[in-house]
Amino acid sequence: MKLAVLGTGKIVQEFLPMIQQVTDVELVALLSTPRSLDKAKEMQAQYQVQEVYTDYETLLSNATIDTVYVALPNHLHYQYTKAALLQGKNVICEKPFTLNAQQLQELIQIATEKRLILLEAITNQYLNNFLQIKKDLAQLGKIKIVECNYSQYSSRYDAFKEGKILPAFDPQKGGGALMDINIYNIHFVVGLFGKPEKVQYLANIERDIDTSGILVLDYGAFKAVCIGAKDSTAQIRSVIQGTDGSIEVLGATNEMPRYERRSKTEIEAVNVNLDKHRMYQEFEKFTEVIDQKDLAFALEQLNHSLTVMQVVDQALESANLHLG
């Protein structure tokens, strides 16, 4: 995979050292704003990136690049992903894929017509603990209740209260608790159980953005509650309850560091994750998928991502929130 990385923010600062451990990845380019050019050049030197660009069109004209990793603010995902696809590049896009399902459907159509790989970088779908939980669900009997809580007080919330609106709390830039952290809970639940029958988002809204909220997913035979908060803190965990047992994930749904599997008589601690950065397994898989041009796998993952975006659409509509 001959990769161009878009952005120099926090996620890229985590990504660049991690990707050194993934085989068959060549860092061809890094896109920066003119303001962050000095930082980008430092990254270039430290992580052996071949070129640094401040103009996206010029980057896309580099024929060596076969894949673009979009690690920009949420509101730019659609625009930059579309431009890369139209230039014949495969794309890995950070979560949330887009701001709505319609945007994602358009991107899927372009990728399908051009036979390109399009993938969402969403860590939990590739972690061994998540894949094991999928198998363990059969031991729980009939599922009755699912509860996920990812609540983490944001330092940016202090600035928000003082009137300084950063992207994380800017509705025009796709911010808010649902899109920033509760999205991991949605991926977790949808990845295990598919599309819910009904969706309702009970959001705490300040200045047109959700600073926290409770997302209710009705699956008919069972109910799921996803809590995401950037204005308060609580124990971060997820629980799946069934008639014969339960699973408790101890930690956030983007890392899933370990979980406990409980029957009516026993408790078993489980951790089958690799001893690697949380992004390692997804990018190891992405490299394989792109090198083998595995369009079938990509389509399967896109269907999952589209279901998540449809849930997001329904959640935002139910809370009367408007992004972008």
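Let me start with the second largest pocket of this predicted model, whose lining residues divide into five nonpolar, eight polar and six charged. The volume of this second largest pocket is about 380 Å³, and of the 19 residues that line it, those closest to its centre are Gln125, Leu131, Lys134, Glu300 and Gln301. If you follow the helices around it, you will find that helix H6 (128–136), H8, helix H9 (280–291) and helix H10 (295–318) each supply at least two residues of that lining. Which helix gives the largest share of the lining of the second largest pocket? That is H10, from which six residues come.

Now to the largest pocket, which has a volume of about 1400 Å³. Its lining comprises 41 residues, and the closest to the centre of the pocket are Gly9, Lys10, Ile11, Pro73 and Arg156. By residue class, the lining of the largest pocket divides into 15 nonpolar, 15 polar and eleven charged. Four helices deserve mention here, since helix H1 (10–19), helix H4 (77–86), helix H7 (155–161) and helix H8 (177–193) each contribute at least two residues to the lining of the largest pocket. Where does the largest pocket lie with respect to domain 1 and domain 2? Both domain 1 (2–118) and domain 2 (127–273) give residues to its lining, and therefore the largest pocket lies between them.

Let me turn, finally, to the sheet. Six strands make up an open sheet, and reading across it the order is E3-E2-E1-E4-E5-E6, with parallel pairing. At the edges stand strand E3 (51–53) and strand E6 (118–121), and because each of these has a single partner strand, one side of each is left without a neighbour in the sheet. From one strand to the next, the twist averages 20 degrees.

I would like to dwell for a moment on the E3 edge, where strand E2 (residues 26–31) pairs with E3 in the parallel sense over three bridges. Within that part of the sheet, Ala29 stands opposite Glu51 in E3. If you look for what covers these strands, helix H2 (residues 37–47) lies across E2 and E3, and the direction of helix H2 is at about 165 degrees to E3.

To bring the pockets back into view before we discuss, the largest one lies between domain 1 and domain 2, while the second largest takes the largest share of its lining from H10.

Methods:
Residues numbered from 1 in each chain as written. Predicted model: local features only at pLDDT ≥ 70, side-chain atom pairs only at ≥ 80, totals over all residues. Heavy atoms only, no water. Pairing = 2+ DSSP bridges. Axes fitted to C-alpha atoms, helices over the stretch in contact; angles between N-to-C directions. Contact = heavy atoms within 4.5 Å. 1 Å grid on protein atoms, 1.4 Å probe; cavity = no way out; pocket = protein on both sides within 12 Å on 5 of 7 lines; lining within 4 Å. Points joined across faces, edges and corners; volume = space filled by probe spheres on them. Nonpolar A, V, L, I, M, F, W, Y, C, P; charged D, E, K, R; others polar. Domains from an automatic or database assignment.
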